[in-house]
Amino acid sequence: MFYTLMLFLSLMSCKNPSITADGILLKDKQILLVQRKNEPFKGKWALPGGFVEYGEKTEDTVVREVFEETGLKTKICGLAGVYSDPKRDPRGHTITVAYVLEITSGTLKASDDASAVKFFKVNKLPTLSFDHEIIINDAIQRFLV
């Protein structure tokens, strides 16, 4: 009985990483970034994206989050990569799935967690939050070169 209880308690206290999805929108050698409204990295630029809700696919998350933050409807063109460095997010271990997206409709407007939204030339990026510089560089190598 004691060992069963200990096993149960150890399973209940397991930590698991959170999962996010980020969108990469490339257009005329420019990339769409959002300025973060909230901490961490408040005021810094980032890829649009956010946390996967329970029962949601990462593919649905990225389309939803990009729309919520930018006002743009998108479709997925491809997988840019999966990024899992436990230190990539100061809030804790977070894994992100990054997708390259194509704009299908909508009007560009900052909303939700974004205080501003803007296309930047890929060779003149501002200081980025999280590991988004790595993600963007990988996407440029895979999809623009």
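Here is a walk through one helix and one group of charged side chains in this predicted model.

Let's start with helix H3, which runs over residues 132-143. From first C-alpha to last, its 12 residues reach 16 Å, close to the 16 Å expected at 1.5 Å a residue. Which residues of H3 are buried? They are His132, Ile135, Ile136, Ala139 and Ile140. These buried residues cover an arc of only 135° around the axis, so they sit on the same side of H3. As for what covers them, the list includes strands S1 (18-27), S2 (30-36), S3 (45-46), S5 (72-83) and S6 (94-106).

Now for the charges. Side chains of opposite charge can pair when their charged atoms come close. The model has six salt bridges, and a network of them links Glu53, Glu56, Arg64, Glu65 and Glu68.

Have a look at arginine 64, in helix H2 (residues 58-70). Its side chain is buried by the under-20% cut-off, because the relative accessible area of arginine 64 is 18%. One of its partners is glutamate 56, with the closest N and O atoms 2.8 Å apart; glutamate 56 is buried as well. Another is glutamate 68, at 3.4 Å from N to O. Glutamate 68 shares helix H2 with arginine 64, four residues away, or about one turn, and is partly exposed at 29% relative accessibility.

Arginine 64 also forms a salt bridge with glutamate 53, at 3.7 Å between the closest N and O atoms. That pair links distant parts of the chain, 11 residues apart: glutamate 53 is in the loop between strand S4 (49-51) and H2. Glutamate 53 is partly exposed, with a relative accessible area of 47%.

Methods:
Residues are numbered from 1 along each chain as its sequence is written. This is a predicted model: local features need pLDDT of at least 70, side-chain atom pairs count only at pLDDT 80 or more; totals for chains, interfaces and linings use all residues. Side-chain values use heavy atoms; hydrogens and water are left out. Helices (H or I, at least four residues) and strands (E, at least two) are DSSP runs, numbered from the N terminus. The expected span of a helix is 1.5 Å times one less than its number of residues. Buried means under 20% relative accessible area, exposed over 50%, partly exposed in between (1.4 Å probe, protein chains only). The arc is that of the directions from the helix axis to the C-beta atoms. Contact means heavy atoms within 4.5 Å. A salt bridge is a side-chain nitrogen of Lys or Arg within 4 Å of a carboxyl oxygen of Asp or Glu.
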